[in-house]
Amino acid sequence: MPLSAPSLRARLPEVVRRLAAVLALVSALLHVMMLGDGSLVAGVLIAAMAVVCFPCAGHLWRESSPRTWTALATMNALMLGLHVWLLLQGGHGSHGPGEDSAAVGVEHGHHGLPLSHLPLDHESLLMTASVVAAAEVVLAAAALMCGRVSRGLREVSRPETDRSYA
């Protein structure tokens with residue numbers, strides 16, 4: 001059953017929320033895939049970032065608020081900045097110069113499941129995570145702007161009780 005334009009317009013906020021929630025889960029998965037590709041401190045930070053993605057995804061799936069969208073935009077903007085810095089530094093793995101995780105056969109995985117058969121080295125995962133973070137920033141900014149615009153339109157469309165300027 002095709003959706004009419006008004007029906008689609010009415011469902012668009014829900015679709016955007018759910019898309020942002022899925023992207024947050026993808027971000028968490030990418031962080032999990034990067035575990036074990038660096039120092040212990042880097043591993044703890046990467047695990048913490050993955051854990052932070054889950055509650056945000058849950059909030060976005062159920063409902064959203066300006067606070068949730070602002071947190072999503074802020075965290076992903078910071079993450080994107082960090083990713084760009086790391087990419088400019090040549091990644092942050094624990095491998096020797098010129099070696100990436102695919103070249104040295106490092107197996108990434110959760111619960112010991114090898115993911116080495118995937119053609120993703122650390123730099124590819126970081127690039128993918130950067131694209132996801134950028135998409136989340138754009139979605140959050142759009143949601144915040146649309147929320148402000150719709151609130152403004154509701155305020156303008158409300159009849160004023162006192163219009164006399166006598």
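**View 1. Val26 and its nonpolar patch on the predicted model.** In this predicted model, Val26 is partly exposed, with a relative accessible area of 32%. Its place is in helix α1, which covers residues 5–34. Together with Val22 and Trp61, Val26 makes a nonpolar surface patch of about 240 Å². For the wider setting, the protein chain exposes about 10,900 Å², and carbon and sulfur atoms supply 68% of that area.

**View 2. A salt bridge along helix α1.** Here we look at Arg18 and Glu14, whose side chains meet in a salt bridge with an N to O distance of 3.6 Å. Both residues lie in helix α1, four residues apart, about one turn of the helix. That spacing is a familiar one: an α-helix has 3.6 residues a turn, so residues three or four places apart point the same way. Arg18 is partly exposed, with a relative accessible area of 28%, and Glu14 is also partly exposed, at 27%. If you go looking for others, the count comes to one salt bridge.

**View 3. Helix α2 and its buried residues.** Helix α2 runs over residues 40–62. At 1.5 Å a residue, its 23 residues should span 33 Å, and the end C-alpha atoms are 34 Å apart, which agrees. The buried residues of α2 are Ala42, Gly43, Ile46, Ala50, Cys53, Cys56, Ala57, Gly58 and Leu60.

**View 4. Cys56 of α2 beside Ala21.** Cys56 lies in helix α2 and counts as buried because its relative accessibility is 16%, under the 20% cut-off. Its partner in this view is Ala21, 35 residues away in sequence, with the two C-alpha atoms 7.3 Å apart in space.

**View 5. Helix α3 from end to end.** Helix α3 covers residues 66–88. At 1.5 Å a residue, the 23 residues of α3 should span 33 Å, and the end C-alpha atoms are 33 Å apart, in agreement. Thr68, Trp69, Leu72, Ala73, Asn76, Met79, His83 and Leu86 are the buried residues to pick out along α3. Just after α3, Gly90 takes a positive phi of about 90 degrees.

**View 6. Two buried polar residues of α3, Thr68 and Asn76.** Thr68 has its place in helix α3 and is buried, with a relative accessible area of 14%. Leaving aside neighbours within four places in sequence, Thr68 is in contact with His59 and Leu60. Leu60 is itself one of the buried residues of α2. Further along, Asn76 also lies in α3. At 7% relative accessibility, Asn76 counts as buried. With neighbours within four places in sequence again left out, Asn76 is in contact with Ala133, Glu136 and Val137.

**View 7. Arg148 of α4 and Pro66.** Arg148 is found in helix α4, the element that covers residues 122–157. Arg148 is exposed, since its relative accessible area of 51% is over the 50% cut-off. Pro66 is 82 residues from Arg148 in sequence, yet the two are 9.3 Å apart in space, C-alpha to C-alpha.

**View 8. The chain as a whole, and how far to trust it.** Stepping back, the secondary structure comes to four helices and zero strands, and the elements run α-α-α-α from the N terminus on. Buried residues make up 28% of the 166 residues in the protein chain. Of the contacts with a separation of 6 or more, 75% come from residues 24 or more positions apart. The protein chain averages a pLDDT of 75, and 65% of the residues score at least 70. Among the elements, α3 has the highest mean pLDDT (91) and helix α4 the lowest (81). Over residues 92–117 the pLDDT is below 50, and this stretch has 36 contacts in the model beyond near neighbours in sequence. Residues 162–166 also fall below 50, with one such contact in the model. A friendly word of caution applies here: where pLDDT is low, the predicted coordinates should not be read in detail.

Key
Residues numbered from 1 in each chain as written. Predicted model: local features only at pLDDT ≥ 70, side-chain atom pairs only at ≥ 80, totals over all residues. Heavy atoms only, no water. Expected span 1.5 Å × (residues − 1). Buried < 20%, exposed > 50% of the residue type's maximum accessible area, 1.4 Å probe, protein only. Contact = heavy atoms within 4.5 Å. Patch = residues over 30% accessible without salt bridge, like charges linked within 9 Å, V, L, I, M, F, W, Y side chains within 5 Å. Areas by Shrake-Rupley, 256 points an atom, 1.4 Å probe, with all protein chains shown as cover. Salt bridge = Lys/Arg side-chain N within 4 Å of Asp/Glu carboxyl O. pLDDT = per-residue confidence, 0-100.
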